[in-house]
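This report introduces a structure to a reader who has not met it before. It turns to the nonpolar cores and then to the contact between chains.

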Amino acid sequence: MHEISLVQGLLKQLAELAGEHQCKAISKVRVEIGPLSGIVIDSFQFGFDVLSAEQDLTRDALLEIVTPPIQYKCCYCGHVSLSSEGVPDSCPECSHTLLVPEGGDGLILMQVEMV
Amino acid sequence: MCEDCGCASPSHNHKVVDVNQSLLAANDALAEKNREHIEELGAVAINLISSPGSGKTTLLEKTIERLGKELRIGVIEGDIETERDAERIRAKGVPVVQLTTGGACHLDAALVHKGIHALEHQLDDKKLDLLFIENVGNLVCPATFYLGEHQRVVMISVPEGPDKPAKYPRAFIGSDVFMISKTDLLPYFDFPSEMAIKDALLLNPKLKVMSVSATTGDGFDSWLAYLRSLCR
């Protein structure tokens, strides 16, 4: 997709945070990537490795990617089940087959560690 | 020992900041402003997403021909290069703005913001009923970017094959309408519609499914009825 441009947005945000907290180096970045976000994790990691090495602020930064499971809500009984392997075949409560994902499409900068 | 992270470094002046903000937050905030602006004009906006060549511009041409006297329609065209689509829409006599991304594979809220302002200058009374935003031809990237639209329509044409919902799920999960175009070609292509529809509804049971042929006019009645219902 456009992982490189998303990484560019991330690095811009990191520079702003470092300025705000008067820090000179980012040591660790935790990002949550939802399985339905369409973002390819390997490409995002690759983009981060390439672009973070270009500036002093992020040269030694470690990227930690968290992928949360998706919540699927049953259209019939409202039961919410968690799945990290696609849509469940049926609702574990009522066996209905219409399940809709709730969330799971986020790209969230969770936490930044800096010195 | 460092107070923040517990690491062994005595001089470690370490800061841990919980940000919890979407990397798309800047886009989404601007998209909300777009939506307010669109509503000030009195319009409902539709973000139209499909592969190149599925018939987005043709669908808009035929829609304007049949609805242009009844509703005030405006169009924002997204393409990587050229004014060609805008010229086609302009020939139908409605206000249109061409956005060229110069390489980017999708429209974002900032580009559409410019588009709405440029379109507003073409409106005599600053009023519009229906705003179509024709995205860059691509079933992947446009799905990530909210532009401020009220409804999102994802379209695939019969020659593309019925496997597109399964292969490009994100575009279908985030849409309100699934449109199948070029249905006059069904006799010539192996396109089991029920397979495409089943896959799309598995991803998103709330999708409204429609089909059209710009050549024969089939299916336009329900498409136009849907558009009228949005503007009511």
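## Nonpolar cores

In this predicted model, the largest nonpolar core contains 57 residues. Within this core, B:Leu131 and B:Ile133 have the most contacts. Helix α4 of chain B, which spans residues 109-120, gives the most to the core, contributing five residues. Apart from this core lies another, made up of 22 residues. Among them are A:Leu6, A:Ile39 and A:Ile108, together with B:Leu24.

As a general background, nonpolar side chains tend to be buried together in soluble globular proteins.

## Surroundings of B:Ile133

Residues up to four places away in sequence are not counted here. With that exclusion, B:Ile133 touches B:Ala45, B:Ile46, B:Asn47 and B:Leu48. B:Ile133 also touches B:Ile76, B:Leu107, B:Val112, B:Leu147 and B:Glu149.

## Contact between the chains

The contact between the two chains takes 25 residues from chain A and 25 residues from chain B. On the side of chain B that touches chain A, the elements giving two or more residues are β1 (15-22) and α6 (169-173) of chain B. Strand β1 of chain B gives the most to this side, with eight residues. By class, this side of chain B has 13 nonpolar residues, eight polar residues and four charged residues.

## Strand pairing across the contact

Strand β1 of chain B also pairs with strand β6 of chain A, which covers residues 107-114. The two strands pair in the antiparallel sense, over six bridges. One of the residues involved is A:Leu109, whose bridge partner in β1 of chain B is B:Gln21.

Conventions. Residues numbered from 1 in each chain as written. Chains lettered and ligands numbered in written order. Predicted model: local features only at pLDDT ≥ 70, side-chain atom pairs only at ≥ 80, totals over all residues. Core = buried A, V, L, I, M, F, W, Y, C linked by C-beta atoms within 7 Å. Buried ≥ 20, exposed ≤ 12 C-beta atoms within 10 Å, placed from the backbone. Helix = DSSP H or I, 4+ residues; strand = E, 2+ residues; numbered from the N terminus. Contact = placed C-beta atoms within 7 Å. Nonpolar A, V, L, I, M, F, W, Y, C, P; charged D, E, K, R; others polar. Pairing = 2+ DSSP bridges.
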